[in-house]
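Let's take a friendly walk through a protein chain, from its domains down to single residues. Have the structure open as you read.

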Amino acid sequence: MNLTFLGATRQVTGSMFLLEFTTGYKVLVDCGIDFDKKNTKTTLFPFSPKEIDAVVLTHAHLDHTGNIPNLVKEGFEGRIYCTYATYELTSLLLSDCAKLNVRALQNISPKERENVSNHFYLPKHVQDSLELFVTTDFHRELHLIDEISITFKEAGHLLGAGSVVVSYQENEERKSILFSGDIGRKNYPLLVNPTDVPKVDYVVCETTYGNRKHRESKSPSEVLHKVIQETCVERSGRLIIPAFSVGRTQALLFELNKLYVEKNLPPIKVFADSPLALKSTQVYRKYVRELNEEANYFYDKHHSLFDFDNLLYVNDMKESEQVSNYHEPCIIISSSGMVEGGRIEHHVVNNIENQYATILMIGYCAEGTFGYDLLQKPEFLKSGGENYRVMASIQSTDVFSGHGDVDDLFEFIQQQDKDTKVFLVHGEEESMYDFQYKLKSEGYDDVNIPFYKQKFKL
Ligand SMILES: [Zn+2]
């Protein structure tokens with residue numbers, strides 16, 4: 001069997017790995033957007049999508065699924081396998097992406113349209129893609145064909161997220177390869193802990209936090225309680241939280257709901273300003289039995305996970321603009337998490353010169369994004385050609401990060417024998433080298449850091 005690395009090589013985005021079995025059967029594991037290539041006119045796939053028999057998706061995030069409509073547009077006709085919840089969240093995210101593409105196309109001239117990136121897909125491509133999905137449950141072995149099966153194990157990174165074991169028969173021998181997907185962390189709000197994985201012959205492992213440990217020692221609700229108290233009670237100001245609509249926002253809303261029932265949330269309005277957040281909250285509600293024990297206990301007791309008094313979902317843009325300057329202390333949660341595009345931009349810009357406001361950063365921000373610049377806490381910041389004096393308090397915490405840290409990643413690998421062949425992906429190069437060094441010093445000798453398009457005969 002050949003394994004080719006077609007994305008997330010020495011970088012974080014664009015997960016895509018090709019398995020070519022000796023029988024000629026071809027499986028693509030993940031089919032993510034490479035955010036660096038998204039706006040360019042490059043070849044979409046270095047292979048013929050028509051020749052792929054099946055796609056397996058570890059979880060719904062766009063850097064693992066965002067290229068599916070392009071694959072279908074280019075002729076893929078096989079089946080796409082994932083868990084139930086991954087299907088639902090993927091459907092929301094891809095539809096949202098297509099909607100944004102349509103809007104972007106409407107705003108440019110016909111001449112400019114000719115030069116538009118070929119990565120742009122439309123709602124009809126998403127619709128065609130969704131018809132190819134086949135959903136399954138965790139821990140259930142599903143045969144793609146007689147010789148090849150897949151099994152999902154909870155990864156604890158997002159609702160529906162899994163690591164996937166691909167087991168196959170070749171030359172009378174049974175072998176298996178494990179794709180970590182994104183590995184979550186223990187005791188994350190709502191999500192189950194990553195579950196044990198079986199021993200395999202090969203592992204493809206993510207390394208987002210390959211050389212970092214989480215710093216925050218307080219619990220999510222302690223962190224929120226403190227910042228709400230300081231901003232909304234003591235200073236009577238606004239608390240702005242940039243957060244991804246899928247996953248991160250639900251974790252926040254659940255923790256706020258906990259504060260509410262414990263009577264630790266002051267009587268202030270909480271605005272969840274994202275239509276996508278509302279839709280994904282409904283998916284979380286539907287799959288409550290896949291969430292952790294705490295969430296289930298809370299749900300059984302209070303009959304809801306997210307709906308507390310004073311929580312308001314903001315639907316249209318006009319309402320969203322009004323919320324930015326809401327006259328009483330309040331909390332505004334909006335996307336995107338890196339403050340690049342989305343409604344959060346105007347909330348941040350409208351409040352950046354407000355000394356009573358706090359902007360709480362809860363996720364990773366790539367260099368070059370507005371969120372990254374905010375985190376540097378500069379005196380002035382430029383947005384839309386205007387220069388703003390930063391008067392708001394800028395705070396950050398990693399307590400809501402959905403990625404396990406280096407200890408969690410090592411725990412994942414430790415379940416394997418020392419002679420297992422390991423491939424590191426989905427991380428900054430430095431993080432990969434550091435994690436490779438750690439694994440080697442712990443006795444794992446065969447640890448590889450593949451290059452883009454590198455092929456391994458296994
Ligand atoms: Zn992810």
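What distance separates the centres of domain 1 and domain 2? Taken over C-alpha atoms, the centres are 29 Å apart. Keep in mind that this is a predicted model.

## The two domains

The domain assignment splits the chain into domain 1, made of 2–212 + 402–457, and domain 2, which covers 220–396. Where they touch, domain 1 supplies 15 residues and domain 2 supplies 18 residues. On the domain 1 side of this contact you will find 12 nonpolar residues, one polar residue and two charged residues.

## A six-stranded sheet

Now look for an open sheet of six strands, paired in parallel and ordered 14-13-15-12-16-19. Its edges are strand 14 (311–313) and strand 19 (393–396), each pairing on one side only. On average, neighbouring strands are turned by 20° against each other, direction ignored.

Strand 19 runs parallel to strand 16 (residues 358–361), and four bridges join them. One pair to find is Met-361 with its bridge partner in strand 19, Ser-396. Helix 6 packs on this sheet, where it touches strands 12, 15, 16 and 19. The directions of helix 6 and strand 12 (238–242) make an angle of about 135°.

## Where two helices cross

Helix 6 (residues 220–234) also meets helix 7 (residues 248–261): their axes come within 9 Å and cross at roughly 75°. Because of that angle, helix 6 counts as roughly perpendicular to helix 7.

From helix 6, the contact involves Pro-220, Ser-221, Leu-224 and His-225. Their partners in helix 7 are Ala-251, Glu-255, Leu-256, Lys-258 and Leu-259. By class, this contact has five nonpolar, two polar and two charged residues.

Notes:
Residues are numbered from 1 along each chain as its sequence is written. This is a predicted model: local features need pLDDT of at least 70, side-chain atom pairs count only at pLDDT 80 or more; totals for chains, interfaces and linings use all residues. Axes are lines fitted to C-alpha atoms, for helices over the stretch in contact, and angles run from 0 to 180 degrees between N-to-C directions. Angles under 35 degrees count as roughly parallel, over 145 as roughly antiparallel, 65 to 115 as roughly perpendicular and the rest as oblique. Two residues are in contact if their C-beta atoms, placed from the backbone, lie within 7 Å. Ala, Val, Leu, Ile, Met, Phe, Trp, Tyr, Cys and Pro count as nonpolar, Asp, Glu, Lys and Arg as charged, and the others, Gly among them, as polar. Domain bounds come from an automatic or database domain assignment. Two strands pair if DSSP finds at least two bridges between them.
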